[in-house]
Structure formats: structure tokens, C-alpha cells
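Reader: Please take one strand and go through it closely, with its neighbours. I would like the cut-offs stated as well.

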Amino acid sequence: MVLARSEPVELPGDEPPAPVTAAMLEADLIFELTSVFAGASQARRDACARGARYLTVPGLTWTTLRPDGPFSADFATLGETARRLAERIDAAHEFRLTSPLGTDLTGSFEGRAGRPLWGIADQPGGYAAPPDVEVGAAPVEGSASGTVVVDGSVLFLGPDQLSTPIELRFANGELVDAAGPEAWRLLDALERSGDPRMRTLAEVSIGLNPHSRPGGSALELEGILGGAHVAVGNNLPYGGSNDARSHIDCVLLRGTLSLDGEPLDPAA
């Protein structure tokens, strides 16, 4: 076993330092216990392509490990649900994401495969992010427009739980505006990235973990049952073509994803 330590990456999904990357390429199992998510990096993708199993658990807290908390989930059974819902996304053409707070985002999943994550990486090349359980896809570049009201978290860019919502506005697949007292967290990260491709809508997903609750850690919020999240930036792990610097997730505590006009039931 090799324990590698380094300073946190600057932005979620940034590349780890070169010595860590080199160690990852020689490993069979990688456990990412970090303060800032690095699992969307090219280093992670290369390690998995070589057959490594990868578990990312960034932002872990004692609250996340509480009795009857998100790690109490039946990950194997939820995996069956996630894979079944991913098949629905495989066949979908158009999507619509809505929420009680005013989210209304539409776009295309045409030709995009659903991406299920269910907290288990038991096969060579497997990737998991327990306690997050989710399913989603990368919208076709340039296809999505509308508004997303984020009331959960902008992951790893400050406190896990937002104090006030952020309203994101997308046009032709790009983030064109972010408003609200906490919007500076995302806008500052985009500016610091130095990469205009970071404004691309990279992901639309829903959560599936029935043991997750508001106020939890980052990955608990990301996988909350009945919630949803969108991301901006790199979408290569989702089958897209936008090779941006990093990947930043924005969580809605309540959200409904519809495929070709039919709501996708996360409890199905």
C-alpha cells in the first residue's frame, strides 16, 4: 500500500500533482480521501483505463458517517435502479429539468449514454463516489437553454450548504449569467480557471440515495433522493467533447428530470 499526500487541488476536478498521478498509474485500487474532489481528472480516467478501481470520497465528515446516514444505503440494490434509469437516458432524445423553485432547463441527450454511479467499484476500471448514488448524462454541447435554481451546494467552493439560492441561466449550452448573494463562489472559480470552456453545461443528473439529507456533506447532497444537480466544465467522463480544466457540480435539493416529456422516477 502507498499513501500519497499533497496539497488540495485548486478547483474541483483539477489534475493531482505529478507524483500522485504517477503512483495512480501503478495502482490496482485508489482511494481518494481529499478535501476537494479530483475524480474528474485525466489522471483518474487514465488510471481506470489501465484497470484500477477508484473510490472518491472527498469532503468526508463524521456527520456523513452517522448511524442511518447515507452510508446505510443498499448500494447494490440502488445500483440496479441506477443502471435501469441509465438505459432510459440511453434511449432519450430531449430532457427537461424542473424544480419547485423555478428551475426550467431543456436540452438534448441525443446519442448520449446514461452514466450510473452507485457507490461500488467492484470491477477493474470501476469508478464510484460513495455515498453519492446518481444517474445522468452530458447534454449535447450547444443544446441546452433555461434557468437552474441551485439551493443545495456549489460543491467544494465554500460551505456544503448554500445560505441562499443561486440562479444560473444557460443559453445554447453555455452559462451566461449567475445571480444571487452566493453566485460569486461559482463566478470566482470560473475566472480563476482561466478556461472559457468552463462555462459549458457538462452534466444533468438526479440523486438516488434515500438516506441522504439536506445539510450533509458534498457527496451526500449530490446524491440526495429527489434532488438533482448540474455541472459546468469538463464533460469527457460523460461521453462529451468539452475538455475543460475542471468540473463543478451545483446541487438542487429538489428537482425532476423528464425524458421526452415523461418524468424519470428516481424511486422506480
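Author: Strands β10 and β11 form a hairpin with two residues between them, and N172 in that turn has a positive phi of about 50°. The model is predicted, so local features need pLDDT of at least 70 and side-chain atom pairs count only at pLDDT 80 or more, while totals for chains, interfaces and linings use all residues. Residues are numbered from 1 along each chain as its sequence is written, and side-chain values use heavy atoms, with hydrogens and water left out.

Strands are DSSP runs (E, at least two residues), numbered from the N terminus. Two of them pair if DSSP finds at least two bridges between them. Strands of a sheet pair through backbone hydrogen bonds, either parallel or antiparallel.

β10 covers residues 166-171, and its side chains alternate. I166, L168 and F170 point to one face and are buried, buried being under 20% relative accessible area with a 1.4 Å probe and protein chains only. E167, R169 and A171 point to the other face and are not buried.

The hairpin partner, β11 (residues 174-179), runs antiparallel to β10 and is joined to it by five bridges. One residue of the outward set, E167, has A179 in β11 as its bridge partner. β10 also pairs with strand β8 (residues 145-150), in the antiparallel sense and over five bridges. In that pairing, V148 stands opposite L168 of β10, and L168 is one of the buried residues.

How values were computed:
Buried means under 20% relative accessible area, exposed over 50%, partly exposed in between (1.4 Å probe, protein chains only). Helices (H or I, at least four residues) and strands (E, at least two) are DSSP runs, numbered from the N terminus.
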